[in-house]
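Hi everyone, thanks for coming. Let me put the model on the screen, and then we can talk about its aromatic residues.

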Amino acid sequence: MPDNSAAIVIDIGTTNCKVTCFSCLAATTLGAHKFVTAKQISPQGNVDFDIDALWQEVRQAIAQLNAASPLPVRRISIASFGESGVFLDEHGEILTPMLAWYDRRGEEYLATLSEADSAALYDICGLPLHSNYSAFKMRWLLEHYPLRNRRGLRWLHAPEVLLWRLTGEQRTDITLASRTLCLDVRKGEWSAKAAALLHVPCSAFAPLVQPGEHAG
C-alpha cells in the first residue's frame, strides 16, 4: 500500500539547524522550521553547543510541524555532526558541556600517545589521529569535571541526546561511533583496547545501531 504518511527530519548544523516535514509518498515539503544553533562562547573563545537550548527549539519545531501536517507523522530522522557529545549519569542528567566538534581542548592528550599507540589505534579505527575526534573531548571532560568516580556514565553525541529525549532510548549510530576513535571498523563494535589507549571508559558508550535502523 502507498505510504500516505509524513516524516520529520532534524538536521543539526554547526551554524543553523533545520527541522522539516516531508510527505513520504510524494517527497514534497509540508513545512519547515529553521533556527540558529545555540552556542556558549567563553572569554577564552572556547565554543560549546547549548544542547538544552537546541532541544527546546527542536521540540517546539516538531510540535508545530506535527500539528500543521495534513498527513500523520510516523517517522523522525536525525542528522548531525558526529564528534560533539556529553556525559550523562545513570539518571539521565547531563553532567558536562558539549564541546564544539572543531574544539581542540583535548589536543594535549594527542601528543601523549606513542608511535606504537597511534599505529594500534589506526589499525583499529582506520582514522589518522586528530584532536577533533570524540575520545579527546571525552578525556578533556573527564580530567576537568568530577567524573572519574561516577558510576553509570553514558556518552551521547548531539543527535543521540535528542533521540534519548524523544524516545527514552540511548543508542549510537555506527557512523557517529566511527568518529570517536573507539570503534573497531572491522568488527563493527566498540573497542575496549582503543578506549584503554585513549583513557576513556568503554562502558560509557551506548549500544550501536545501523544507519536508518529503528531506534525508539
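Let's begin with W190 and F205, which are both buried, meaning under 20% relative accessible area, with exposed over 50% and partly exposed in between, for a 1.4 Å probe and protein chains only. Before I go on, this is a predicted model, where local features need pLDDT of at least 70, side-chain atom pairs count only at pLDDT 80 or more, and totals for chains, interfaces and linings use all residues. Residues are numbered from 1 along each chain as its sequence is written, and side-chain values use heavy atoms, with hydrogens and water left out.

So how many aromatic pairs does a search of the whole structure find? There are four, where rings of Phe, Tyr and Trp (its six-membered ring) pair if their centres lie within 6.5 Å; planes under 30 degrees apart count as stacked, over 60 as edge-to-face and the rest as tilted.

One of them is W101 with Y102: the ring centres are 5.2 Å apart and the planes stand at 90°, so this pair is edge-to-face. W101 is partly exposed, at 28% relative accessibility, and Y102 is partly exposed at 34%.

Back to W190 and F205: their ring centres lie 4.0 Å apart with the planes at 15°, which makes the pair stacked. That pair links distant parts of the chain, 15 residues apart, with W190 in strand β12 (residues 189-190) and F205 in the loop between α7 (192-197) and β13 (208-209). Here helices (H or I, at least four residues) and strands (E, at least two) are DSSP runs, numbered from the N terminus.
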